[in-house]
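I opened my notebook and pulled up the model. I wanted to see what sits inside and what holds the parts beside each other.

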Amino acid sequence: MSEVVASLAGVTLRLPEPCPLCGRLAGTRVAGGLECSWCGWLFGSSPDDGLPRPVIEVVYYLRYDRRVKIGTSRRPRQRLASIRHDELLAFERGGRGVEQARHREFADIREGGEWFTLTATLRHHITTLQRTPDPWQQYARWVSDALRP
Ligand SMILES: [Zn+2]
C-alpha cells in the first residue's frame, strides 16, 4: 500500500536537469508533472527564455546586530547585496504600502531611517512571516507561483 502511494506522488527524485529557477536537482512527482522540491517550479512549464521574470515586490527584514531594517524592493538580490547586514530574517509579500504600514506599526521602536530595535514584539511578527527555513526559498516560491501557467 505505502509503496503504491509512494509511486504516485510525493516521491523525491532527481530532476532531468537543474531547476531553471533555483538550480536545484531534487524534484517531486505531482499531478501536473514534476515539481522542484525547493521552489515549487513546475517542470516542463518553462516559459520562453526571453521572457522577463515576474516582478515580486517584497518587504525585507534585515538584521544587523540588535537592529532590523524594514524596507521594500522589487529586486531584493541586488538591494540586499548593497546593505550591510548580519542576517536576512524574512520576506513579506508587498511593496511600499506594506512597508509604510510596518513602519507605522513599529514606530515606537524606530531608531531612525528604516532601522528598528529588535524587540520581542518585532521578533514575534517576523516569526509569523517565516514559512520556510530560508527566506530565499519563500521568495523563489512566489516567483515560481507567478510563472505558473
Ligand atoms: Zn527550483
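How many residues does the largest nonpolar core have? I noted first that this is a predicted model. I then looked up the core and found 21 residues. Those with the most contacts inside it are C22, C36, C39, V58, Y60, Y61 and V68.

Next I asked which elements give two or more residues to this core. They are β5 (58-64), β6 (67-73), β7 (87-93) and α5 (135-147). The largest share, five residues, comes from β5. I also checked the domains. Domain 1 (2-46) and domain 2 (58-144) both contribute residues, so the core lies between them.

I picked V68 for a closer look. Leaving aside neighbours within four places in sequence, V68 is in contact with Y61, L62, R63, L89, F116, L118 and L122.

Then I turned to L21, in the loop between β1 (12-14) and β2 (26-30). Is L21 buried or partly exposed? I found 18 other C-beta atoms within 10 Å, and a buried residue needs 20 or more. L21 is therefore partly exposed. Not counting residues up to four places away in sequence, L21 touches C36, C39, W41, A140, V143 and S144. V143 is 122 residues from L21 along the chain, yet their C-alpha atoms are separated by 8.3 Å.

Last, I looked at α5. Its 13 residues should span 18 Å at 1.5 Å a residue. The end C-alpha atoms are 19 Å apart, which agrees. The buried residues of α5 are P135, Y139, A140, R141 and S144. Their cover includes β5, α2 (76-81) and β7.

Technical notes. Residues are numbered from 1 along each chain as its sequence is written. This is a predicted model: local features need pLDDT of at least 70, side-chain atom pairs count only at pLDDT 80 or more; totals for chains, interfaces and linings use all residues. A nonpolar core is a set of buried Ala, Val, Leu, Ile, Met, Phe, Trp, Tyr and Cys residues joined through C-beta atoms within 7 Å. A residue is buried if 20 or more other C-beta atoms lie within 10 Å of its own, exposed if 12 or fewer, and partly exposed in between; C-beta atoms are placed from the backbone. Helices (H or I, at least four residues) and strands (E, at least two) are DSSP runs, numbered from the N terminus. Domain bounds come from an automatic or database domain assignment. Two residues are in contact if their C-beta atoms, placed from the backbone, lie within 7 Å. The expected span of a helix is 1.5 Å times one less than its number of residues.
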